[in-house]
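Open the model in your viewer and keep the selection panel at hand. This tour goes stop by stop: what to select, then what is there.

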Amino acid sequence: MKGALGRFFLKRLALSLLTLWLLSVVVFFGCQVLPGDPARAILGPLADPRAVAALNQKLGADRPPVEIYLSWVGGLLSGDMGQSYAYRSPVAPFIGSALVNSLKLAAMVFAIVVPIGIGAGVLAALRAGRPLDRVISVAGLSLTVIPEFVSSIALILVFAVILRWLPLSASWPPGSGPLVQIQHLILPALPLVIVLFGYIARMTRAGMVEALAADYTRTAVLKGLPWRTVLSRHVLRNALLPTITVIAAQMGYALGGLVVVESLFRYQGIGSLVLGAARAKDFAMLQAGILTVGAFFIVTTLAADLLTTLLDPRLRTGGRR
């Protein structure tokens, strides 16, 4: 069993590293085809072409793309993300600060949506075909299609402008404690909660309905086990396996898909950093930001696969019962 789990882990790790390398290739050469160059972005559109060429040479931007890529990857492996053209300083501190901010917002989102989504999915499955099930299913599906900028504006008007219950900006004053930070993060977290609720609730409901109809559930009931024990030990453990994968995938989305939310709430996260880097043609910052989001998505997916394997005995034994 341990050997099978170890082999599975090594295979998934190798696939994750290959995916990360392919992502680095796509990100780097995708940035290379963007219009403009670093020196022109730094010196401005009216700069003398000779000055632009000299600065590109100084920055090393006139080298062949393959040589620049190898140098960039070598720097990443040694912990050097490069120099920001816009800020004239190392990229890593900006990426680290923005990543911490985005992780705080993502943690707030999932602290709210995971228990609510799983709870709603469980209730819908236990009342399958009844009015409560239909209400939860329709509400989850309807909320999923609401764009973040629409729900963000509506939430700002209600909770920040009219009721004044929550701060308008997600940026808290320097030196604020955890409670103040949480207060500032609630409002920007709600648009993402609205979008993600439907995915988690529907996946939980589907897993619960399948688990409730399974042979092991009927056997547990026939043995005379209390219904609460049947739900906790047999139904939920198997029903939540696909939900874990969905939550992991949505964590990657919550980290990298925050551009609209971060812009509306003036939050300095990884999404707004990547958007600003693209506008400024700051390729070093743009490449590092996108690769960081991709690496986080790969890590969360790998963690979800491992957790699913640990929870499902059939996967640990190669599908044999």
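## Start at helix α7

Select residues 148–162, which form helix α7. At 1.5 Å a residue, its 15 residues should span 21 Å. The C-alpha atoms at its ends are 20 Å apart, so the expected and modelled spans agree. Keep in mind that this is a predicted model.

Now centre on isoleucine 156. Here α7 bends by about 30 degrees. Next, colour the buried positions of the helix: Glu148, Ser151, Ser152, Leu155, Ile156 and Ala160. Ile156 thus appears twice, at the bend and among the buried residues.

Step past the end of the helix to arginine 164. This arginine follows α7 and has a positive phi, near 55 degrees.

## Zoom out

Show the whole protein. Its secondary structure comes to 15 helices and 2 strands. The C-alpha trace spans about 85 × 60 × 35 Å along its principal axes. Of the 321 residues, 40% are buried. Among contacts with a separation of 6 or more, 72% join residues 24 or more positions apart.

Colour by confidence. The average pLDDT is 83, and 93% of the residues score at least 70. Which elements mark the lowest and highest mean pLDDT? Helix α15 (residues 313–316) is lowest, at 56, and α5 is highest, at 91. Where pLDDT is low, the predicted coordinates should not be read in detail.

## The salt bridges

How many salt bridges does a search of the whole structure find? The search finds 2.

Select arginine 205 and aspartate 133 for one of them. Their closest N and O atoms are 2.7 Å apart. This pair links distant parts of the chain: arginine 205 sits in helix α8 (residues 178–212) and aspartate 133 in helix α6 (residues 131–144), 72 residues apart. Now switch on the surface. Aspartate 133 has a relative accessible area of 5%, so it counts as buried, the cut-off being under 20%. Arginine 205, at 24%, is partly exposed.

Move to aspartate 215 and arginine 218. Their side chains meet in a salt bridge of 2.2 Å, N to O. Both residues lie in helix α9 (residues 215–222). They are 3 residues apart, about one turn of the helix. Is aspartate 215 buried or exposed? Aspartate 215 is exposed, with a relative accessible area of 55%. Arginine 218 is partly exposed, at 43%.

## Into the cores

Hide the surface and select Val109, Phe110, Val113 and Leu187. These residues have the most contacts inside the largest nonpolar core, which has 31 residues. Four helices each supply at least two residues of this core: α5 (92–126), α7, α8 and α11 (241–256).

Stay on valine 109. Which residues does it touch, leaving aside its neighbours within four places in sequence? Valine 109 is in contact with Ala189, Leu192, Val193 and Leu196.

Apart from the largest core lies another, of 18 residues. Select some of its members, including Val27, Leu255, Leu273 and Ala288. As background, nonpolar side chains tend to be buried together in soluble globular proteins.

## Threonine 300

Go to helix α14 (residues 283–311) and pick threonine 300 within it. Threonine 300 has a relative accessible area of 10%, which means it is buried. Show its contacts, again leaving aside neighbours within four places in sequence: they are Ala248 and Met251.

## Last stops: two loop arginines

Most residues other than glycine have a negative phi. The next two arginines go the other way.

Select arginine 88 in the loop between β1 (83–84) and β2 (89–90). Its phi is positive, about 55 degrees, although it is not a glycine. Arginine 88 is exposed, with a relative accessible area of 59%.

Finish at arginine 266, in the loop between α12 (259–264) and α13 (270–279). Arginine 266 is not a glycine either, yet it has a positive phi of about 50 degrees. Is arginine 266 buried or exposed? At 52% relative accessibility, arginine 266 counts as exposed, because the cut-off is over 50%.

Technical notes
Residues numbered from 1 in each chain as written. Predicted model: local features only at pLDDT ≥ 70, side-chain atom pairs only at ≥ 80, totals over all residues. Heavy atoms only, no water. Expected span 1.5 Å × (residues − 1). Bend = angle between axes of the 7 residues up to and from the residue. Buried < 20%, exposed > 50% of the residue type's maximum accessible area, 1.4 Å probe, protein only. Salt bridge = Lys/Arg side-chain N within 4 Å of Asp/Glu carboxyl O. Core = buried A, V, L, I, M, F, W, Y, C linked by side-chain atoms within 4.5 Å. Contact = heavy atoms within 4.5 Å. pLDDT = per-residue confidence, 0-100.
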